[in-house]
Amino acid sequence: MSQRIVIVGAGHAAGEFCAALMQDGFDGSITLFGDEPHLPYQRPPLSKAYLTGEMDRDRLFLRGADFYETHAIALKPNVSVTAINRGTKTVTTSDGSEEPYDTLVLMTGARVRHLSCPGADLGGVRYVRSIADADALGAALEPGQTMVVIGGGYIGLEVAASARKLGLAVSVVEMAPRLLARVASAEFSSDVHDLHTANGVSILCETGVAEITGNGDGQVTGVRLADKTVLDAHHVVVGIGVMANEEIATQAGLKTNNGILVDAAGRTSDPSIFAAGDVARFDHKLYGSIRLESVQNAVEQAKICADTIRGTTASYDPVPWFWSDQYDAKIQLAGLSAGYDRAVRRAGKRPGSGSIWLYREGALIAVEALSDAPAYMMGKRWLEEGQSPDPERIADTDIKIKDVV
Ligand SMILES: Cc1cc2nc3c(=O)[nH]c(=O)nc-3n(C[C@H](O)[C@H](O)[C@H](O)COP(=O)(O)OP(=O)(O)OC[C@H]3O[C@@H](n4cnc5c(N)ncnc54)[C@H](O)[C@@H]3O)c2cc1C
C-alpha cells in the first residue's frame, strides 16, 4: 500500500516539504492541514515590503494552487489538528474528522507571545505573524501618525523601519539594556541602534511598559512606561517573541521542551512522526540544543524530513543564517552569537557598512554583517568549513576579505 503522509501546519516548512518530496516523484498521498485560510506562504515580507505596500499579496505564496492540484496534495485550509492519536495512527481535526497516517509531519510553527499588562487588549494593539495581521496593520497606518513598538527584536525593528518609510513617528521600547539582546552581539546591537536613530526612531532601552492607555471607544492612545512617562500612540505593535506550537505533540506524549525534540534526520521520539521549522528543537554540535526561527531552517529541515521519508540517509547540521531588511540596510547573520568572548570589528567599504566577527575560545562562532555581503559570505563559508580566521587579519582592512585565510 502506498504511504499516507499527513502534514500539520501549512506554513513555510510545509510548502518546502511538499516541493522536496515531489521533486523526485512520490507515489503516496499527502494531506495538508492548515489553520489559516491560505496556501503556504512566506512571512518575511509581512513586516517589510508587504507591509509598506511595495509587494503584492500574490508574491507571498511559495507556489500557486496548481502545484498542489498537479501533485494531488489534499489541502485542508481553515482546519486545525486538535489531537494526535498515536495508537490508531490518526489525527483528529477541528471539523470533527479523523485522518489516518503512516507518516505524520508536524510543521506547526510558532505563535506570538502576548503582552499581559493593563490595556493590552485595546483596539490598535497589534502583532505581526500572519497575512491577516499585516493586512490589518498596513490598512491602518497613515503618514503623520505615531507608533510605539514594544520589543526591540528583529520583527519589532522591521516594523519600525517600515512605519518610518510610511511617514509615521516611531518609538521602540525595549526592556533589555540593548536592542536584539537575545540574538546579536552587543557590538552589532549598537550598530543597529545607530541605524534606527539615524532614521529618526526614538529608542528606549531598559524601559518597562506599565500600561497601554486607551480612550472611551476602546482604542489605544498611548503607552505608559514604568517610569510613568506616557508616549502618545495611534498604534502599538508588540514584538516580544514567539512560542512553539508544540501542545498537540506534548499531549500525544512526544518529547518536547520549548519545541518538539527531533534528531538529525527530523524524527521525533516516535519514528513515524517528524517535525521541522520553528517548532522543532535539535542538537547542534557547535551551539547545543537549539530551536531556530528562520526561513533557512524551515526550508532545510523540511528537506531533511523529505529525504528521510524517501529513504535517503539525511543529516541536519546547518550553519544557521538569517537576514533582515531595515531601511536601505541589509542585515545578514551566519552562526549564532550566544557565548562569544571576543568581538572583532571590520569596517565595510561604504559608510555605515561593516561586520562583527564573534569568537569563543579562539574559534569563530558567528559573523554579523550590516550591508556587507562579501564579509557575510566569506564568514558563512569559513563557518561551514570549520575555519577560524585570524582576528588581527580580520580587523585589517588593507587585507582583502577573501585573502584573510
Ligand atoms: C513578520 C515576520 C518576519 C520574518 N522575517 C524573517 C526574515 O527576514 N528572515 C528569516 O529568516 N525569517 C523571518 N521570519 C521567520 C520565518 O518566517 C519563520 O521562521 C518561518 O515562517 C517558519 O516556518 P514554519 O513552517 O516552521 O512556521 P509557519 O510559517 O509559522 O507555519 C506554521 C503554520 O502552522 C499553522 N498551525 C499551527 N498549529 C496548527 C494546527 N494544530 N493545525 C493546523 N495548522 C496549524 C500555523 O497557523 C501556521 O500557518 C519572519 C517571521 C515573521 C512573522
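In the predicted model, R4 lies in strand β1, which comprises residues 4–8. The relative accessible area of R4 is 28%, and because the partly exposed class covers values between 20% and 50%, R4 is described as partly exposed. When the neighbours within four places in sequence are left aside, the residues in contact with R4 are S29, P100, Y101, D102 and T103. One of these contacts, P100, is 96 residues away from R4 along the chain, although the C-alpha atoms of R4 and P100 are separated by 7.6 Å.

The surroundings of the ligand were examined next. The ligand has 33 residues around it, and of these D35, E36, K48, R129 and D278 come nearest. When the residues of this shell are sorted by class, 14 are nonpolar, eleven are polar and eight are charged. Both domain 1 (4–111 + 242–310) and domain 2 (114–238) contribute to the shell, with at least three residues drawn from each.

Polar atoms of the protein and oxygen atoms of the ligand are paired at several places. In the side chain of R129, an N or O atom is found 2.7 Å from an oxygen atom of the ligand, and for the side chain of R43 the corresponding distance between an N or O atom and a ligand oxygen is 2.8 Å. The backbone also takes part, as a polar backbone atom of S294 is placed 3.0 Å from an oxygen atom of the ligand. The ligand taken alone would expose 990 Å², and the protein buries 94% of that area. Two or more residues of the shell are given by each of the elements α1 (12–23), α4 (154–165), α7 (295–310) and β22 (321–326).

K48, which is among the residues that come nearest to the ligand, is situated in the loop between β2 (29–33) and α2 (65–70). Its relative accessible area is 12%, and since values under 20% define the buried class, K48 counts as buried. The side chain of K48 reaches the backbone oxygen of P44, with a distance of 3.1 Å. If residues up to four places away in sequence are not counted, K48 touches E158, S162, S324 and D325. Thus K48 is buried at 12%, whereas R4 is partly exposed at 28%.

How values were computed. Residues are numbered from 1 along each chain as its sequence is written. This is a predicted model: local features need pLDDT of at least 70, side-chain atom pairs count only at pLDDT 80 or more; totals for chains, interfaces and linings use all residues. Side-chain values use heavy atoms; hydrogens and water are left out. A residue is near a molecule or strand if one of its heavy atoms lies within 4 Å of it. A polar contact is a pair of N or O atoms within 3.5 Å; within protein, one must be able to donate a hydrogen and the other to accept it, and residues adjacent in sequence count only if both atoms are side-chain atoms. Accessible areas come from the Shrake-Rupley method with a 1.4 Å probe; for residues, only the protein chains shown count as cover. Helices (H or I, at least four residues) and strands (E, at least two) are DSSP runs, numbered from the N terminus. Ala, Val, Leu, Ile, Met, Phe, Trp, Tyr, Cys and Pro count as nonpolar, Asp, Glu, Lys and Arg as charged, and the others, Gly among them, as polar. Domain bounds come from an automatic or database domain assignment. Buried means under 20% relative accessible area, exposed over 50%, partly exposed in between (1.4 Å probe, protein chains only). Contact means heavy atoms within 4.5 Å.
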